[in-house]
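Biologist: I am new to this structure and would like to learn how to read its features one by one. Could you take me through them slowly?

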Amino acid sequence: MSASASVNLSTRIRRRVSGGNRIMLLLLHRWDARIALMILSLLTLSGVAPEILVGPLQTATTATAAALLPPSGTHLFGTDDLGRDLLNLTVHGARISLVVGALSAAITLVIGGGIGMIAGYRGGRTDALLMRVADTFLILPTFVLALILAPILRELIGDQTEIFGIRTTLLTIVAVIGFTSWSSTARIVRSQTLSLRERTFVERARLVGLSPMRIIARHIFPNIRTVLVANGIVVIAGSILTESTLSFIGLGDPFQPSWGTILGNAQSAAAPSLGAWWFITAPGCAILLTVAACTIVGNAIDELLDRDVRVRR
Amino acid sequence: MRARRWLLGRLGGAIATILMVLLLNFVLFRLMPGSPDRALARNPRVSAEAMQAARVRWGLDKPIFPDQLIAYVGATIKGDFGYSVKYGGREVTSVIGEKIGPTLLIVGLGELIALAAGIALGTWTGWRRGRFGDRVGTLGALILYSMPYFWLGMLLITLFATTLGWLPTSGISTPGGPGGIEGAIDLLRHAALPIATIALGLIGQYAILLRSSVAESLREGYVLTARAKGLRDERILRGHILPNALLPTVTLAALNAGFVIGGALTVEIVFSWPGLGLLTQEALQSRDYPVLQGIFLLLSVSVVMANLLADLLYSRLDPRVRHGAAR
């Protein structure tokens, strides 16, 4: 497609389609976002149906191959120190990494969005206090806080049960990431809310006598939804990085290994100093691709939103 | 007058942050499974009187708020962080103290190199925005930004230590190695890969930030004026663009300090570098909470200090901030 045709198409989209759908369609007209979305769909697919793609998750007892085999026809990505196929582990790891990443991001957005909207709408002392707390969380080494919090939380609730097929060890990680990474979302949402608060439709709603909670739910939230989505995608990238780091250190669940857990195993097996490069290649590249793709999509949406605002003015 | 008010505000903010950290740490201490008296209660041979005596000694018989909180804050300010579980009851401050040096070495040098290289790369790509060099540089920065530090470290070990054999794989020195100058060289050879990992992991974000702020400055009126005066490109870049574009980097470098430290901890684990990171992992495995909390407190205070310094530096660099013209 020639450049001018693509420009024409995007102006047509801009005119006819509204809201989030328009952003989505415009997104598909950027080559970098297209590649990134393709990568993300592929990874999501392996996260949704790992059994169909590579069979059930191999464990120390079901592994059949020899230990630390380099990549070959039968084991495309090689095997780990227990003889498990790394393709199998990485595809299954996609489910854990993506689900934990997405759930943590969801909690982050709920906390950050909620605090941001309340602070921005109420203003005054509430705002000052909430933003003071947000700034603290922005500055602090929250990762170290997460390190302390995860085992404490785990001992408090015990780790033997499952909720919706996710082990509670992983849920503690979700909770900890959500609790420690909401502050930048809160800042962004607050500044959006501050400007929305002064708009006529919000003032009208106030005059009609709607309660603050209703105004936030009916008038503020729908208008920051797209910003929240853009931020959410970047937050997912951060959550996946944090999750992989926590799992690498040994806070993951050995029965539901994520990409970080596999890399942690590689570290305990001394894979780097044995020269077993294939042990770290597949899971590491999976993290790299996911985080890079999320960052590209998030930035692209941000840029489109910026342009949208400028065009409307 | 305004400048002093601004300074006091910043100082107050820093103190408030540290107080919040103390409060957080205090709450964590109370949540902690196996807190002092619960550990005693599990032991059937401890009599009720002994339990009560211990509770009185630790102040656990007083109400949590405000007595225990005040006692905790008082002890912490005096430098009493409690005792390590793993290291046979040694004081937390001395366990942590000896690990600060090695961590400071790799984090400090890594950060300096990353700043220099990131500023250079970001300026270059921002200046040639949209051209081939920019595309390649930006893609490189994105890739570095998306890598977990520990994975980057593992890759570097596999390539430079195991495959090429240029550098040692782990540790801080060769066991039984030489002293003096040769010992220092040995230390640097061991430190090279950890420093490179931290530097490479950080370059990406500095480069991305500087690229966008240089590109933004390029559109400003003063750049056009400089061009109209017939200044050479290099003069414009050095004298007009960089002083403005560098400002956000100061803030980012400080804001990121906490994040960098988190990443550096995992780098130490990969390289068995005997600093705070390795200590953190050990403490985590043996559930040595006093040490973990000591590390969190130490790192938090350092990060708050770093941000305070950055604020002061920022006000030196940008008089508008000091005089309250811009926020």
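What follows is a conversation about helices, their packing, a chain contact and two single residues.

Modeller: Please keep in mind from the start that this is a predicted model, and that the values we discuss are computed from it.

Biologist: Let us begin with the whole of one chain: how many helices and strands does chain B have?

Modeller: Chain B has 15 helices and 0 strands, and of its 327 residues 34% are buried. Among contacts in chain B with a separation of 6 or more, 70% join residues 24 or more positions apart.

Biologist: How many residues does each chain bring to the contact between chain A and chain B?

Modeller: Chain B gives 44 residues and chain A gives 36 residues. On the chain B side, the helices that each supply at least two residues include H1 (2-31), H6 (132-146) and H14 (289-317). By class, the side of chain B that touches chain A has 28 nonpolar, 15 polar and 1 charged residues.

Biologist: Turning to a single helix, what span should H9(A) have, and what is the distance between its end C-alpha atoms?

Modeller: The general idea is that an α-helix has 3.6 residues a turn, so residues three or four places apart point the same way. In this case H9(A) has 15 residues, which at 1.5 Å a residue should span 21 Å, and the end C-alpha atoms of H9(A) are 21 Å apart, in agreement with that expectation. Buried residues in H9(A) include Ala186(A), Val189(A), Arg190(A) and Thr193(A), and the buried residues of H9(A) pack against H5 (86-122), H6, H10 (200-208) and H11 (212-251) of chain A.

Biologist: At what angle do the axes of H6(A) and H9(A) cross?

Modeller: The axes of H6(A), residues 124-139, and H9(A), residues 183-197, come within 8 Å and cross at roughly 140 degrees. An angle over 145 would count as roughly antiparallel, and H6(A) and H9(A) are therefore oblique to each other. Their crossing is left-handed. The residues that meet are Met131(A), Ala134(A), Phe137(A) and Leu138(A) from H6(A), with Ser183(A), Ser184(A), Ala186(A), Arg187(A) and Arg190(A) from H9(A); by class they are 5 nonpolar, 2 polar and 2 charged.

Biologist: And how do H5(A) and H6(A) pack, in angle and in distance between axes?

Modeller: The axes of H5(A) and H6(A) are 7 Å apart, at an angle of about 145 degrees, and this crossing is left-handed. From H5(A) the contact takes Ile115(A), Ile118(A), Ala119(A) and Arg122(A), while the residues from H6(A) include Leu130(A), Met131(A) and Ala134(A). The contact of H5(A) with H6(A) has 6 nonpolar, 2 polar and 2 charged residues.

Biologist: Which sign does phi of Ser272(B) have?

Modeller: As a general rule, most residues other than glycine have a negative phi. Phi of Ser272(B), however, is positive, near 45 degrees. Ser272(B) sits in the loop between H12 and H13 of chain B, and it counts as partly exposed because it has 15 C-beta neighbours inside 10 Å.

Biologist: One last residue: which residues beyond four places in sequence is Ala226(B) in contact with?

Modeller: Ala226(B), which lies in H9 (residues 221-228) of chain B, is in contact with Leu231(B), Ile236(B) and His240(B) once its neighbours within four places are set aside. Ala226(B) and His240(B) are 14 residues apart in sequence, and their C-alpha atoms are 7.9 Å apart in space. A residue is buried if 20 or more other C-beta atoms lie within 10 Å; Ala226(B) has 19, so it is partly exposed.

Terms used: Residues numbered from 1 in each chain as written. Chains lettered and ligands numbered in written order. Predicted model: local features only at pLDDT ≥ 70, side-chain atom pairs only at ≥ 80, totals over all residues. Axes fitted to C-alpha atoms, helices over the stretch in contact; angles between N-to-C directions. Helix = DSSP H or I, 4+ residues; strand = E, 2+ residues; numbered from the N terminus. Parallel < 35°, antiparallel > 145°, perpendicular 65-115°, else oblique. Left-handed = near helix turned anticlockwise from the far one by under 90°. Contact = placed C-beta atoms within 7 Å. Nonpolar A, V, L, I, M, F, W, Y, C, P; charged D, E, K, R; others polar. Buried ≥ 20, exposed ≤ 12 C-beta atoms within 10 Å, placed from the backbone. Expected span 1.5 Å × (residues − 1).
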